[in-house]
Amino acid sequence: MTLKQAYGPDAFELVPLTFSLPSELGAWREWLDSAAAEGRDPGPWMLKTAQHLGMGLSLLPGEQAYAQALAPRWEGGVGT
């Protein structure tokens, strides 16, 4: 069980806002659009893959992180 599952929106008083991709990609896009509409800085975002167990992390600004999340992946789990 994740903190988000256990505490809902209150989890983000404990940890940074997170989205599990690809299942929450639409919710992340909505959040990014909302932040931009309000003039808030939508980043940076830490991207990681489960395949790498935390290795090969990327820290990117909002739109660049979103584009990276959409990039095709090869079997090794790294964007191409």
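Student: In which helix is the place of arginine 29?

Tutor: This is a predicted model, in which local features need pLDDT of at least 70, side-chain atom pairs count only at pLDDT 80 or more, and totals for chains, interfaces and linings use all residues. Residues are numbered from 1 along each chain as its sequence is written, while side-chain values use heavy atoms and leave out hydrogens and water. With helices taken as DSSP runs (H or I, at least four residues) numbered from the N terminus, arginine 29 is placed in helix α2.

Student: Which residue in helix α2 meets arginine 29 in a salt bridge?

Tutor: A salt bridge needs a side-chain nitrogen of Lys or Arg within 4 Å of a carboxyl oxygen of Asp or Glu. The partner lies four residues from arginine 29 in helix α2, about one turn of the helix, and the N to O distance is 2.8 Å. The partner of arginine 29 is therefore aspartate 33.

Student: How many residues apart are glutamate 63 and arginine 29?

Tutor: The side chains of glutamate 63 and arginine 29 also meet in a salt bridge, at 2.6 Å from N to O. This pair links distant parts of the chain, with glutamate 63 in helix α3 and arginine 29 in helix α2, and their separation is 34 residues.

Student: Is glutamate 38, which forms a salt bridge with arginine 40, buried or exposed?

Tutor: The closest N and O atoms of glutamate 38 and arginine 40 are 2.7 Å apart. Buried means under 20% relative accessible area, exposed over 50% and partly exposed in between (1.4 Å probe, protein chains only). Because its relative accessibility is 52%, glutamate 38 counts as exposed.

Note on methods:
Helices (H or I, at least four residues) and strands (E, at least two) are DSSP runs, numbered from the N terminus.
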